[in-house]
Amino acid sequence: MISIPWYWKALSLSGLLGLIALILIWNTQLATVQYVPLALELSLLLIPLVVLVRGVIQNSGKAYVYAILISLVYVTLGFLSTGAEPIYGYSMIVLSIVLYGGSFMCAKMISRHNKALALQQ
């Protein structure tokens, strides 16, 4: 069993669940103008995040690497949203950075563990 400090996993999980909650609440309740159909926007924004939840909970190395990559996409979306909806954009940027930092450190810990196992054999 890989021992990842609880705070890195909590940081990654809070960034992931925070992004999911932000996107759901903002687009269903707080958005002033809906540029694309709601179902399309929610599915495009939420499916990549929801797919990662199980892997992050189970400490999957691949899930953490995918979370790192996906967080970069959401940082870009946050920067693009800061003009029309600054609160939404900046919140997305902050949560994406939280997801990136936590996932990066968890992936690093898993990589160190795998290298140690390889050296033992």
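## How α1 meets α4

Let us start with a helix pair: the axes of helix α1 (residues 6-30) and helix α4 (residues 86-120) come within 7 Å of each other and cross at roughly 155°. Because angles over 145 degrees count as roughly antiparallel, α1 is described as roughly antiparallel to α4. The crossing of these two helices is left-handed. As for what lines the contact of α1 with α4, its residues divide into 16 nonpolar, 10 polar and 1 charged.

Please keep in mind that this is a predicted model. The pair is introduced by angle and distance for a simple reason: two packed helices are described by the angle between their axes and the distance between the axes.

## The chain as a whole

Stepping back, the protein chain has 4 helices and 0 strands. Reading along the sequence gives the pattern α-α-α-α. The C-alpha trace spans about 60 × 25 × 20 Å along its principal axes.

Of the 121 residues in the protein chain, 38% are buried. Contacts across the sequence are worth a look too: among those with a separation of 6 or more, 71% are accounted for by residues 24 or more positions apart.

## Helix α3 and its buried side chains

Helix α3 covers residues 61-81, which is 21 residues. From its first C-alpha to its last, α3 reaches 30 Å, close to the 30 Å expected at 1.5 Å a residue.

Which residues of α3 are buried? They are A63, Y64, A67, I68, I70, S71, Y74, V75, G78 and S81. The buried residues of α3 pack against α1, α2 (38-57) and α4.

## N59, in the loop before α3

One loop residue deserves a visit of its own. N59 sits in the loop between α2 and α3. Is N59 buried or exposed? Its relative accessibility is 15%, and because buried means under 20%, N59 counts as buried.

Leaving aside residues up to four places away in sequence, N59 touches I4, K9, Y64 and I110. Among these partners, Y64 is also one of the buried residues of α3. K9 falls within the range of α1, residues 6-30, and I110 within that of α4, residues 86-120. The backbone of N59 has a notable feature as well: its phi is near 60°, a positive value in a residue other than glycine.

Key. Residues are numbered from 1 along each chain as its sequence is written. This is a predicted model: local features need pLDDT of at least 70, side-chain atom pairs count only at pLDDT 80 or more; totals for chains, interfaces and linings use all residues. Side-chain values use heavy atoms; hydrogens and water are left out. Axes are lines fitted to C-alpha atoms, for helices over the stretch in contact, and angles run from 0 to 180 degrees between N-to-C directions. Angles under 35 degrees count as roughly parallel, over 145 as roughly antiparallel, 65 to 115 as roughly perpendicular and the rest as oblique. A crossing is left-handed if the near helix is turned anticlockwise from the far one by less than a right angle, and right-handed if clockwise. Ala, Val, Leu, Ile, Met, Phe, Trp, Tyr, Cys and Pro count as nonpolar, Asp, Glu, Lys and Arg as charged, and the others, Gly among them, as polar. The expected span of a helix is 1.5 Å times one less than its number of residues. Buried means under 20% relative accessible area, exposed over 50%, partly exposed in between (1.4 Å probe, protein chains only). Contact means heavy atoms within 4.5 Å.
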